[in-house]
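Please find below a note on the model, set out as numbered points. The points go from the charged side chains to the chain as a whole and then to its surface patches.

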Amino acid sequence: KASKNVAVHVQRNEHKERELAEAQEKYNELSKLNDLLGKDIILLKMEHEILKGSFEEAKAANDLLQDEHNNAAKRHAEDMSSLEKKSQEETLDLRAKIMQSVECLNEEIALIKEDHRILVEDLEKQIADLTMLRGN
């Protein structure tokens, strides 16, 4: 009976050793996976830092572009305001010149009317003189 008990203990020990060996093998595999995951985590952290830097650079570039856009829009508004003011000034200048021209034309018309009146008076006088001469 004792040898049977020894045989059962030996069998149990062999079974426990196999389980221990399997557990050790699984532990080694998990340890390797853990190492790989640790390396992956380190790589992901590095990528995160790189992307974070790229994002910050892109944000800074976007801020610069936004500033340039705002400055260009401001300059455009100022240019348009300046052009509008200049256009209004030119319009007022043209109106003044036109009014001056109209005034000059009205003066010329008045002179022409006066000349016409004088010519008509002269003609009427000449007609009267000729009529008198014929009557004599």
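**Notes on the predicted model**

1. A network of salt bridges links Glu114, Arg117 and Glu121. The coordinates discussed here and in every later point belong to a predicted model, and the distances and areas should be read with that in mind.

2. Within this network, the side chains of Arg117 and Glu114 meet in a salt bridge with an N to O distance of 2.3 Å, while Glu121 forms a salt bridge with Arg117 in which the closest N and O atoms are 2.4 Å apart. Arg117 therefore takes part in both contacts, given that a salt bridge is a side-chain nitrogen of Lys or Arg within 4 Å of a carboxyl oxygen of Asp or Glu.

3. The spacing along the helix goes with these pairings. Arg117 and Glu114 are three residues apart in helix 1, which means that about one helical turn separates them, and Glu121 and Arg117, which also both lie in helix 1, are four residues apart, again about one turn of the helix. In general, side chains of opposite charge can pair when their charged atoms come close.

4. How buried or exposed are the members of the network? Arg117 is partly exposed, with a relative accessible area of 37%; Glu114 counts as partly exposed at 34% relative accessibility; and Glu121 counts as partly exposed at 41%.

5. A further salt bridge joins Lys59 and Asp63, whose closest N and O atoms are 3.6 Å apart. The two residues are four residues apart in helix 1, which spans residues 2-135, so that about one helical turn lies between them. Lys59 counts as partly exposed at 46% relative accessibility, and Asp63 is partly exposed as well, with a relative accessible area of 35%. By the rule used here, the count of salt bridges comes to three.

6. Turning to the chain as a whole, what secondary structure does it have? The chain has one helix and zero strands. Its C-alpha atoms fill a box of roughly 195 × 20 × 10 Å, taken along the principal axes, and its radius of gyration is 57 Å, whereas a compact globule of 136 residues would have a value near 14 Å.

7. Burial and surface deserve a point of their own. Of the 136 residues of the chain, 0% count as buried, where buried is taken as under 20% relative accessible area. The accessible surface of the chain comes to about 13200 Å², and 59% of that surface belongs to carbon and sulfur atoms.

8. Two C-alpha separations give a sense of scale along the helix. Ile127, which is found in helix 1, is separated from Asp115 by 18 Å between C-alpha atoms, the two being 12 residues apart along the chain. Glu68, which lies in helix 1, is 57 residues from Lys125 in sequence and 84 Å from Lys125 in space, C-alpha to C-alpha. Ile127 counts as exposed at 53% relative accessibility, and Glu68 counts as exposed at 51%; the cut-off for exposed is over 50%, and a careful reader may wish to keep that cut-off in view for both residues.

9. A nonpolar patch on the surface is made by Leu30, Leu33 and Leu36, with an area of about 310 Å². Leu30 has its place in helix 1 and, at 57% relative accessibility, counts as exposed.

10. Which residues gather in a patch of negative charge on the surface? They are Glu19, Glu22, Glu25 and Glu29. Glu19 is found in helix 1 and is partly exposed, with a relative accessible area of 38%.

11. On the overall distribution of charge, the chain carries 21 positive and 30 negative charges, and the mean positions of these two sets are 15 Å apart.

Definitions and conventions:
Residues numbered from 1 in each chain as written. Predicted model: local features only at pLDDT ≥ 70, side-chain atom pairs only at ≥ 80, totals over all residues. Heavy atoms only, no water. Rg over C-alpha atoms; globule rule 2.2 N^0.38 Å. Buried < 20%, exposed > 50% of the residue type's maximum accessible area, 1.4 Å probe, protein only. Areas by Shrake-Rupley, 256 points an atom, 1.4 Å probe, with all protein chains shown as cover. Lys, Arg positive; Asp, Glu negative; His and termini not counted. Charge placed at Lys NZ, Arg CZ, Asp CG, Glu CD. Patch = residues over 30% accessible without salt bridge, like charges linked within 9 Å, V, L, I, M, F, W, Y side chains within 5 Å.
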